[in-house]
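The following exercises ask the student to read a protein structure step by step. Each task is followed by a worked solution.

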Amino acid sequence: MTPPDDDTEALAARAAAGDADALDQLLRAIRPEVVRRCGRFLLYQEDAEEAAQDALLQVARNIGRFEGRSRFSTWLYTVVANCARQKYRELKRSAVEQPMAPEDSARPDPRTTSVIAGSRVDLLDALERLERDSPHLVAPLVYRDICQMDYEEIAERTGIPLGTVKSRLHHARRQIRPWLSASS
């Protein structure tokens, strides 16, 4: 995420303190970046926009929990990643639960089915599997490879030492690599 400027950080601090005008300004300021970040997870713009709306709603509801111990952008990364991944889970669940009409049975939903190995959909499937097998490896991988946070921010956000962040990232990449190549 593009690091917010001092104005965004100040708006976040004021919003967290209960300033409704600051919250409105903050939500308007971060919306384009939140939509763009959700688009890194989700293939379709409409899905990314829905996830972004969920993320903005979460920010509005939970801004009081932002204590300013870390940068606002670091806090926002978590909200965006969680909302985008939740939207993907909803899409997968919906695809499984909805019976297909006979003429549609040959055409799977491209939002939840991979066509190209290494696509965002494959990565999201791999993240789901990694979360089941090694949940402690998910956050470093999401923060570094999808959110493009630097190592220090990841350590700050997760509360784990920098060396542990790098180690977990290495293990996460090693673990999901065969899953991604198996999709081809």
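**Exercise 1. The overall fold**

Task: Determine how many helices and strands the protein contains, and how much of it is buried.

Solution. The model is predicted. Its secondary structure comes to 8 helices and 0 strands. Read along the sequence, the pattern is accordingly written α-α-α-α-α-α-α-α. Next, consider burial: of the 184 residues in the protein, 40% are buried. The protein exposes about 10,000 Å², and carbon and sulfur atoms supply 49% of this area. Finally, consider the contacts between residues at least 6 apart in sequence: 64% of them join residues at least 24 apart.

**Exercise 2. A pair of helices**

Task: Describe how helix α2 and helix α3 cross, and state which kinds of residue make the contact.

Solution. Two packed helices are described by the angle between their axes and by the distance between those axes.

Step 1. Helix α2 covers residues 20-41 and helix α3 covers residues 45-62. Their axes come within 8 Å and cross at roughly 145 degrees.

Step 2. The crossing of α2 past α3 is right-handed.

Step 3. On the α2 side, the residues in contact include Leu 23, Leu 27, Ile 30 and Val 34. On the α3 side, they include Ala 48, Ala 52, Leu 56 and Val 59.

Step 4. Sorted by kind, the residues of the contact divide into 13 nonpolar, 3 polar and 2 charged.

**Exercise 3. A salt bridge inside one helix**

Task: Explain where Glu 33 and Arg 36 lie relative to each other, and decide whether each is buried or partly exposed.

Solution. Side chains of opposite charge can pair when their charged atoms come close.

Step 1. Glu 33 forms a salt bridge with Arg 36, and the closest N and O atoms are 2.6 Å apart.

Step 2. Both residues belong to helix α2, and because they are 3 residues apart there, about one helical turn separates them.

Step 3. The relative accessible area of Glu 33 is 16%, so this residue is buried. Arg 36, at 40% relative accessibility, counts as partly exposed.

**Exercise 4. Salt bridges between distant parts**

Task: Which parts of the chain does the salt bridge between Arg 71 and Glu 153 tie together? Which residues are linked in a network of salt bridges?

Solution. By the distance rule applied here, the count of salt bridges comes to 9.

Step 1. In the pair of Arg 71 and Glu 153, the closest N and O atoms are 2.7 Å apart. Arg 71 lies in the loop between α3 and α4, whereas Glu 153 lies in helix α7 (residues 151-158), so the pair ties together parts that are 82 residues apart in sequence. Arg 71 is partly exposed at 36% relative accessibility, and Glu 153 is buried at 8%.

Step 2. A further salt bridge joins Glu 131 to Arg 89, with the closest N and O atoms 3.0 Å apart. Glu 131 is in helix α5 and Arg 89 is in helix α4, and the two are 42 residues apart. Both count as partly exposed, Glu 131 at 30% and Arg 89 at 22%.

Step 3. Arg 85, Arg 89, Glu 128 and Glu 131 are linked in a network of salt bridges.

**Exercise 5. Sequence and space**

Task: How far apart are His 171 and Leu 141, in sequence and in space?

Solution. His 171 is found in helix α8 (residues 162-182). Its relative accessible area is 31%, so His 171 is partly exposed. His 171 and Leu 141 are 30 residues apart in sequence, and their C-alpha atoms are 9.4 Å apart in space.

Notes:
Residues are numbered from 1 along each chain as its sequence is written. This is a predicted model: local features need pLDDT of at least 70, side-chain atom pairs count only at pLDDT 80 or more; totals for chains, interfaces and linings use all residues. Side-chain values use heavy atoms; hydrogens and water are left out. Axes are lines fitted to C-alpha atoms, for helices over the stretch in contact, and angles run from 0 to 180 degrees between N-to-C directions. Helices (H or I, at least four residues) and strands (E, at least two) are DSSP runs, numbered from the N terminus. A crossing is left-handed if the near helix is turned anticlockwise from the far one by less than a right angle, and right-handed if clockwise. Contact means heavy atoms within 4.5 Å. Ala, Val, Leu, Ile, Met, Phe, Trp, Tyr, Cys and Pro count as nonpolar, Asp, Glu, Lys and Arg as charged, and the others, Gly among them, as polar. Buried means under 20% relative accessible area, exposed over 50%, partly exposed in between (1.4 Å probe, protein chains only). Accessible areas come from the Shrake-Rupley method with a 1.4 Å probe; for residues, only the protein chains shown count as cover. A salt bridge is a side-chain nitrogen of Lys or Arg within 4 Å of a carboxyl oxygen of Asp or Glu.
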